[in-house]
Amino acid sequence: MGSLLSSHFEGLITTIVGYILLAMTLILCHGLAALVRFQRSRRLLGVCYIVVKVSLLVVVEIGVFPLICGWWLDICSLEMFDASLKDRELSFKSAPGTTMFLHWLVGMVYVFYFASFILLLREVLRPGVLWFLRNLNDPDFNPVQEMIHLPIYRHLRRFILSVVVFGSIVLLMLWLPIRLIKLLLPTFLPYNVMLYSDAPVSELSLELLLLQVVLPALLEQGHTRQWLKGLVRAWTVSAGYLLDLHSYLLGEQEDNDANQPVNNNNNNNPPPGHHNNNNNPAPAVGEGLHAAHQAILQQGGPVGFQPYHRPLRFPFRIVLLIAFMCITLLVASLVCLTLPVFTGRWLMSFWTGNSKIHELYTAACGLYVCWLSIRGVTVLLAWMPQGRTVILHKVQEWTLMILKTLVVALLVAGVIPLLLGLLFELVIVAPLRVPLDQTPLFYPWQDWALGVLHAKIIAAITLMGPQWWLKTVIEQVYANGIRNIDLQFIIRKLAAPVISVLLLSLCVPYVIAAGVVPAVGVTPEMEILMQRRIYPFLLMVVSLIGILSFQIRQFKRLYEHIKNDKYLVGQRLVNYERKAGRASSVPPPNPVAE
């Protein structure tokens, strides 16, 4: 048992310890080579040490750090799901690899969205405010070069600082809101999450609903990002004017657009209280660490750093700004954890009663209702100044567009994934999982969920593949968008051909197995065997035909290539006659023609 427990982290810990020991050995050998003046061996050992150092840092940055974030997120959210550390320990003992991978995946998602939010902040704030965070959009930023040049203790300090920052944000936006929710709303938590169930709707369907439908629609659309950017800007303006930090947060470019030429002419004599380093690479002593950092960066490239006005009691105002930011994040987290779930529970209670539903469905339903409500309010506010006639006309257009979108969604996102998932179930899953003496059971919801995943994979492969009719149609539909949706084009060029192919793939084997084979007069066992194995058999036949046709085309191209290399000189065929008996009667070819 002890050896089993010690082997759970064997791969990760062994890899890190091995890298560390190898790096220490290379450092020792490098020092000995420098001592005895073996220059060639010293350079080779130095290159090997750099490779080992970069590999170790990559393992730590991409493997260890997201894993720490994932476990810390899980630990801080235990009360939200009515779980305990013992439950996590039991799940880890039962499946250590899967548990570690899921926590790493959650940590990677957290790090990715945190980095995306930082990029959004850089678009709003004054250049130079976030001097302590690396700019991933900087063209001069090269992480591999930083790994090579910076010493190990700098990377270790940065790693510890990142762990502290990310861990503190998790405490602020997850653990503390959960404690407040349990204190203020004792009956709201825990969330109803059934991770293991024998119901037809499995965890796969739920994860697909979250990853393929909910998150892309709500987090990756342009208007949602613009809303978030507008909220951040409104908060920044409010906090700047309340604390007299508007110049520090947003700069003075907006306020002084009219006086910009005058200010540009007086750059040599800046007013007191302003910091301007346009022509002074070395900052003054009172400017602080951020100005020094920006000055260092400006020596290597064009990094923007706008001057700002420094008010009285500036450190105290920065502390108040940080406290205001923490309170805002806490309130935003409380709203995000309660409002969508509460709205989804209230809406689903109308047709499900008091039965418990997976909170993923309630959260998704609440998120979509809130999103549609906000979207509708913003659209109405934009239409109101145009008058009642324009509003009625817009409502008619949007009603027609919504009806077309529903028809397209029913065909493209409903029927096609369902047929595709059912075909995959008949071809792959049922022959592998269900014996011949048992009857397979099909669940339409789960087949649809599998079909959504396969449809997205097929669409991605099609868009990355060669130019053919399906790729052209998909690109045309994507270019038109929802506003200019062409229902006739989509049905005629996309939905009808794909549904016809899928229906033929489903119906033709069934007609052969259930109609033609019994008419021949075979035994019942052979009928069952044909009904259960005809789908993978026909798939194998079609695959073999496709492979053979592809190989025949390749051999033809190879034959033409060899023939042209051997007999084609310039644009004239020499020493090549198709029929020897007619050599004398064939006129010489045209030098211009191929």
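These legends go with an overview and three close-up views of a predicted model.

**Figure 1. The whole protein chain, with its 19 helices and 2 strands.** This is the wide shot before we zoom in. The protein chain runs to 594 residues, and 27% of them count as buried. Its exposed surface comes to about 39000 Å², with carbon and sulfur atoms supplying 69% of that area. As for how the chain meets itself, take the contacts with a separation of 6 or more: 69% of them are accounted for by residues 24 or more positions apart.

**Figure 2. Helix H4 against helix H5.** H4 covers residues 85–94, and H5 covers residues 96–124. Their axes come within 5 Å and cross at roughly 120°. That angle makes H4 oblique to H5. On the H4 side, look for Ser91, Phe92, Lys93 and Ser94; on the H5 side, the contact is made by Pro96, Thr99 and Met100. Sorted by type, the residues of this contact come out as 3 nonpolar, 3 polar and 1 charged.

**Figure 3. Helix H18 packed with helix H19.** Here we're further along the chain, with H18 at residues 487–520 and H19 at residues 524–567. The two pack at an angle of about 150°, and their axes sit 9 Å apart. Since angles over 145 degrees count as roughly antiparallel, that's the label H18 gets relative to H19. The crossing of H18 past H19 is right-handed. H18 brings Ser505, Leu506, Pro509, Tyr510, Ile512, Ala513, Ala514, Val517 and Pro518 to the contact, where they meet Glu527, Met530, Gln531, Ile534, Tyr535 and Leu538 of H19. By type, that's 12 nonpolar residues, 2 polar and 1 charged in the contact of H18 with H19.

**Figure 4. A closer look at Gln531 in helix H19.** Gln531 is one of the H19 residues that meet H18, so it's worth its own panel. Leaving aside residues up to four places away in sequence, Gln531 touches Ala513 and Ala514. Both of those alanines belong to the H18 side of the contact. Tyr510, another H18 residue in this contact, is 21 residues from Gln531 in sequence, yet their C-alpha atoms are 7.0 Å apart in space. Is Gln531 buried, exposed or partly exposed? Its relative accessible area is 37%, so Gln531 counts as partly exposed. For reference, buried would mean under 20% and exposed over 50%.

Terms used. Residues numbered from 1 in each chain as written. Predicted model: local features only at pLDDT ≥ 70, side-chain atom pairs only at ≥ 80, totals over all residues. Heavy atoms only, no water. Axes fitted to C-alpha atoms, helices over the stretch in contact; angles between N-to-C directions. Helix = DSSP H or I, 4+ residues; strand = E, 2+ residues; numbered from the N terminus. Parallel < 35°, antiparallel > 145°, perpendicular 65-115°, else oblique. Left-handed = near helix turned anticlockwise from the far one by under 90°. Contact = heavy atoms within 4.5 Å. Nonpolar A, V, L, I, M, F, W, Y, C, P; charged D, E, K, R; others polar. Buried < 20%, exposed > 50% of the residue type's maximum accessible area, 1.4 Å probe, protein only. Areas by Shrake-Rupley, 256 points an atom, 1.4 Å probe, with all protein chains shown as cover.
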